[in-house]
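Q: Please go through this model and justify the terms used for its pocket, its helix packing and its backbone.

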Amino acid sequence: KQKASRAALPSHVTPVRPLPPHRLVLAPMVGASELPFRLLSRKYGADLCYTPMIYSARFVEDDAYRQAELRTAPGDAPLVAHFCGNCPATLLKAARLAEPHVCAVDLNLGCPQRVAHSGNFGSYLCATAEGRATVLSIVRTLSSHLRVPVFCKIRLLDELDETLSFVRQLRDAGCALLAVHGRYRGSPMRRRDGPAHLDQVALIKQRLSVPVVTNGNVRSGAELVDSLLLTGADGAMTAEGALDDPAIFAKAIAHAHAERSRLAAERRRAKALKAQRRDGRHLTEEEAAVVRGRKAAKATLAQIKAISSALPPPPSAAPPPPFALAEQYIGLVEEHPPPGGAAALLSHAVFHLRRLCRTPPSQSDPWDCRQDCDDALAC
């Protein structure tokens, strides 16, 4: 298992609890990373989960909102409270209310939605030097007064040098773990700009002494492992991939262990072929390619060993198909119904069930899967 650790932090930072495991992370998602879905993701290997985005001012002022947004249960740990806002004092009040129930507090610096633009939070708070100064004040305030670590989740700034400077400032202000969504902010009307720039995440990881979690370009278990290999990050976070398949974490665990075995076998084969060539045997082109690639295989094997060593053993059975996952989600919603009655329950169920059943199991008719979803929603 990945060791809980505490990176070296600035002297003003209050002593905090050790960092939680953060190799396989369920991202914060508005209305989606709620309690039942977190529990389902944890069942299939997520070792850290974030709450949905929480409005800090409302969390402080509204008890009903506070109870609804920070719902948890046995088995829902470690949990990170994911706050948005732009006032250091208000965010500190909110964080102190959440502190007894979570392992860390996270500052949302990545939201690209219109509401973030109008409210001057998320990625828009990082758009100007004045806004970034406010962010650093928030991080210093939280890290100086909380007993739990302070995390930040950002997007890339317009220029790489700006991003690298900003992340170092976040570290110096007391950020204990940085999650980086490797896309630019975009605009209020257009939030995505194509594939995530994982090369920039890799540079950030190289420059920072605190843990870095990569976010973006993950739609499968294999891609989750690939993102760790490409960036060298300490963990990988997924949102869209988990919405379509909350067993993505178990599949990543299985893939990492399988890749470790494959690469080890490839190295052994390359070594044997090299010895045979030395003894005078003519190698085929495919065999010669294996020998030529042995150094690259060795380097990748070292990386995959580090990744797989921090993960649980591979699952003993394959994860269930989408509709079976949907049934499990329904059971968790029934066990932990959201506040707000039937309307709230239906809202959560409709969103997740349509995502879970959007891609039908192999060799199934898509319309059969859609009918299954409609039947589940009718219950």
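A: The model is predicted. Start with the second largest pocket: its lining divides into 10 nonpolar, 2 polar and 5 charged residues.

Q: Which residues lie nearest the centre of that second largest pocket, and how many residues line it?
A: The second largest pocket is lined by 17 residues. Gly 31, Pro 52, Ala 68, Glu 69 and His 348 lie nearest its centre. Its volume is about 350 Å³.

Q: What makes Glu 69 count as charged and Gly 31 as polar?
A: Glu is one of the charged types, and Gly is placed among the polar ones. Pro and Ala belong to the nonpolar types, so Pro 52 and Ala 68 are nonpolar.

Q: Which helices and strands each supply at least two residues of the lining of the second largest pocket?
A: Helix H1 (35–43), strand E2 (48–55), helix H3 (63–69) and H15 each do.

Q: Why are H14 and H15 called roughly antiparallel?
A: Helix H14 (residues 322–335) packs on helix H15 (residues 341–356) at an angle of about 165 degrees, and their axes are 9 Å apart. Angles over 145 degrees count as roughly antiparallel, so H14 is roughly antiparallel to H15. Their crossing is right-handed.

Q: Which residues of H14 and H15 meet?
A: H14 brings Pro 322, Leu 325, Ala 326, Tyr 329, Ile 330 and Val 333. H15 brings Leu 345, His 348, Ala 349, His 352, Leu 353 and Leu 356. By class, this contact of H14 with H15 has 10 nonpolar, 2 polar and no charged residues. His 348 of H15 also lies among the residues nearest the centre of the second largest pocket.

Q: How do you know that H11 and H13 are roughly antiparallel?
A: Helix H11 (residues 248–278) and helix H13 (residues 294–309) cross at roughly 150 degrees, and their axes come within 9 Å. The cut-off is over 145 degrees. H11 and H13 are therefore roughly antiparallel to each other. Their crossing is left-handed.

Q: What classes of residue make the contact of H11 with H13?
A: The contact residues include Glu 259, Arg 260, Leu 263 and Lys 274 of H11, with Arg 294, Lys 298, Leu 301 and Ile 304 of H13. By class, the contact of H11 with H13 divides into 8 nonpolar, 4 polar and 8 charged.

Q: At what angle do H9 and H11 pack, and which residues meet?
A: Helix H9 (residues 221–231) packs on H11 at an angle of about 65 degrees, with the axes 7 Å apart. The crossing is right-handed. Gly 221, Ala 222, Leu 224 and Val 225 in H9 meet Ile 248, Phe 249, Lys 251, Ala 252, His 255 and Ala 256 in H11. That contact of H9 with H11 divides into 7 nonpolar, 2 polar and 1 charged.

Q: Where is the cis peptide bond, and what is its omega?
A: The cis bond joins Ala 77 and Pro 78, with omega about 0 degrees. Pro 78 sits in the loop between H3 and strand E3 (79–84).

Q: What is notable about phi at Asn 120?
A: Asn 120 has a positive phi of about 55 degrees, although it is not a glycine. Asn 120 lies in the loop between helix H5 (114–119) and helix H6 (129–145).

Technical notes: Residues numbered from 1 in each chain as written. Predicted model: local features only at pLDDT ≥ 70, side-chain atom pairs only at ≥ 80, totals over all residues. Heavy atoms only, no water. Axes fitted to C-alpha atoms, helices over the stretch in contact; angles between N-to-C directions. Helix = DSSP H or I, 4+ residues; strand = E, 2+ residues; numbered from the N terminus. Parallel < 35°, antiparallel > 145°, perpendicular 65-115°, else oblique. Left-handed = near helix turned anticlockwise from the far one by under 90°. Contact = heavy atoms within 4.5 Å. 1 Å grid on protein atoms, 1.4 Å probe; cavity = no way out; pocket = protein on both sides within 12 Å on 5 of 7 lines; lining within 4 Å. Points joined across faces, edges and corners; volume = space filled by probe spheres on them.
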